[in-house]
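Visitor: I am new to this structure and would be grateful for a close look at a single part of it. Please show me the model, and then explain one part in its setting.

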Amino acid sequence: MRKFLILSLVCSALALTGCSASKFSRVVREPVTTVMEAQPAQAGVAFVRTTAFGAAISAPIACYKEELDDYRFLGVLNAHESVLAMLEPGRYVFVVGGESQSAVKGDLESGKLYALRVSPRFGWWKARFKLKRVEVDAELAQDLKKLRRVEPNSLGLRKMARKMEKKVNVIKNAGAPDFLTLEAKDGMPFEEFKVLFDATSK
């Protein structure tokens with residue numbers, strides 16, 4: 001039993017400190033502010049993964065709109081990567097996969113940017129991930145300049161999207177009442193964020 005426990009901890013440690021490139025994503029060069037300017041009626045949610053901790057494990061993210069039960073796969077985050085999701089305003093549940101699921105409810109307003117950090121933690125067999133609300137400020141602007149922005153490629157949309165839909169269904173069926181909430185007031189208007197972004201160096 002002791003040997004089994006030690007082996008499990010070693011495997012988790014290796015997973016949390018390794019490094020690999022995602023085969024489910026493609027790199028996007030376009031600045032986030034350009035995307036926001038092109039879609040002013042949408043709401044933006046930036047997902048950031050700022051450390052190398054847990055780099056060997058990818059973090060798939062998805063969401064569904066509560067009123068419509070509308071599922072959407074958003075992408076796969078590796079270490080030092082970001083994803084920008086442009087969504088219709090409304091109430092959503094955001095989910096990150098891993099050994100277990102973590103979810104955040106969000107009430108999004110048109111023309112505002114919100115942010116969530118994807119934070120890895122030790123799991124039993126592989127890394128777990130936690131979604132945490134992030135202040136939309138100059139530090140986030142700097143992160144979004146430094147991090148590699150990605151979006152799903154064709155393999156990600158074919159394979160990971162189906163896999164994540166099952167995890168999202170677990171969250172739906174559980175109906176957990178203690179989700180962290182991303183409130184409408186937590187967002188920053190696109191125009192204000194662009195000023196921060198343009199004034200921030202990498």
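Guide: What follows looks at strand β4, first in its chain and then with its surroundings.

This is a predicted model, in which local features need pLDDT of at least 70 and side-chain atom pairs count only at pLDDT 80 or more, while totals for chains, interfaces and linings use all residues. Residues are numbered from 1 along each chain as its sequence is written, and side-chain values use heavy atoms, with hydrogens and water left out.

The protein chain has 5 helices and 12 strands; these are DSSP runs numbered from the N terminus, helices being H or I of at least four residues and strands E of at least two. Of its 202 residues, 49% are buried, where buried means under 20% relative accessible area with a 1.4 Å probe, counting protein chains only. Among contacts (heavy atoms within 4.5 Å) with a separation of 6 or more, 77% are between residues 24 or more positions apart.

Strand β4 spans residues 70-77, and 6 of its 8 residues are buried. Its antiparallel partner is β3 (residues 59-65), to which 7 bridges join it; strands count as paired if DSSP finds at least two bridges between them. One such bridge links I61 with G75 of β4. The two strands form a hairpin with 4 residues between them, and D69 in the turn has a positive phi of about 55°.

In a regular strand the side chains alternate between the two faces of the sheet.

A further link to this region comes from S25, which lies in strand β1 (residues 25-27). The side chain of S25 reaches the backbone oxygen of V76 at 3.2 Å, a polar contact, that is, a pair of N or O atoms within 3.5 Å, one able to donate a hydrogen and the other to accept it; residues adjacent in sequence count only if both atoms are side-chain atoms. S25 counts as buried because its relative accessibility is 14%. Leaving out residues up to four places away in sequence, S25 touches V76, V150, E151, P152 and N153.

Strand β4 also contributes to a wider interior. The largest nonpolar core has 25 residues, of which F47, F94 and L108 touch the most other members; such a core is a set of buried Ala, Val, Leu, Ile, Met, Phe, Trp, Tyr and Cys residues joined through side-chain atoms within 4.5 Å. Both β3 and β4 are among the strands that each supply at least two residues of this core. Apart from it lies another core of 19 residues, including M36, A46, L84 and V134.

Key
Buried means under 20% relative accessible area, exposed over 50%, partly exposed in between (1.4 Å probe, protein chains only).
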